[in-house]
Amino acid sequence: VSMQFEGRTVHKEYVALASGELDRDSDYIEAAMKHHPHEREKMIVAPDPNDPEAKAACSYYEVLERFRGYTLVKVQPRTGRTHQIRVHLAHVKCPVVADKLYGGRDRLRRVDVEPGLPTDCDEVLIGRQALHAFRLRFKHPRLGRWIEAEAPLAPDIRHALEAIRT
């Protein structure tokens, strides 16, 4: 299986709650990436795709649900770059909710989705990146058949979605 990851033959799907509204129902984000010049733990879209440090990166997304100010999106990275989904969604102005590194905020609060809410009713809806590894598919190394695993959305992401929906 590790050879399949290395050879990029493992099919991966993620679900992300993004801040902002994607303008298309589905699309590819093709934007080469490289390390940030000053913050080594951070990646950026390379301003010059011909930069020798830039590596090709492509993500396919499909909108699952739209809200005012937020989008629930399924993302399939076609390449496997570090932080690829987070960088690509931030690049199209829809960073992953509660992604401090690429979106600037480390949590989503109820008051963020219900402006004017009394402070005593406020709560943290999600205090981590709203990015979820949803589906993984790979070929069993001995049996040769496809194995698929799905993981339901985590309770904190479901809680944030419920608040946004209302």
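A pocket here is an open set of grid points with protein on both sides within 12 Å along at least five of seven lines.

**View 1. The whole chain, a predicted model.** Five helices and 10 strands make up the secondary structure of the protein chain. Along the principal axes, the C-alpha atoms fill a box of roughly 55 × 40 × 30 Å. Of the 166 residues, 42% count as buried. Take the contacts between residues at least 6 apart in sequence, and 61% of them join residues at least 24 apart. The accessible surface comes to about 9700 Å², with 49% of that belonging to carbon and sulfur atoms.

**View 2. The second largest pocket, at about 160 Å³.** Its lining takes in Lys 12, Tyr 14, Pro 77, Thr 79, Gly 80, Arg 81, His 83, Gln 84, Ile 85, Arg 86 and Leu 131. Strand 1 (11-19) and helix 2 (84-91) are the elements that chip in two or more residues each. Helix 2 gives the most to this lining, with three residues. Sorted by class, the lining is a mix of four nonpolar, four polar and three charged residues.

**View 3. Pro 152, in the loop between strand 10 and helix 5.** Look for Pro 152 after strand 10 (146-150) and ahead of helix 5 (155-165). Pro 152 counts as exposed because its relative accessibility is 66%, and the cut-off for exposed is over 50%.

**View 4. Pro 152 together with Ala 54.** These two residues sit 98 apart along the chain, and 34 Å separates their C-alpha atoms.

Conventions
Residues numbered from 1 in each chain as written. Predicted model: local features only at pLDDT ≥ 70, side-chain atom pairs only at ≥ 80, totals over all residues. Heavy atoms only, no water. Helix = DSSP H or I, 4+ residues; strand = E, 2+ residues; numbered from the N terminus. Buried < 20%, exposed > 50% of the residue type's maximum accessible area, 1.4 Å probe, protein only. 1 Å grid on protein atoms, 1.4 Å probe; cavity = no way out; pocket = protein on both sides within 12 Å on 5 of 7 lines; lining within 4 Å. Points joined across faces, edges and corners; volume = space filled by probe spheres on them. Nonpolar A, V, L, I, M, F, W, Y, C, P; charged D, E, K, R; others polar. Contact = heavy atoms within 4.5 Å. Areas by Shrake-Rupley, 256 points an atom, 1.4 Å probe, with all protein chains shown as cover.
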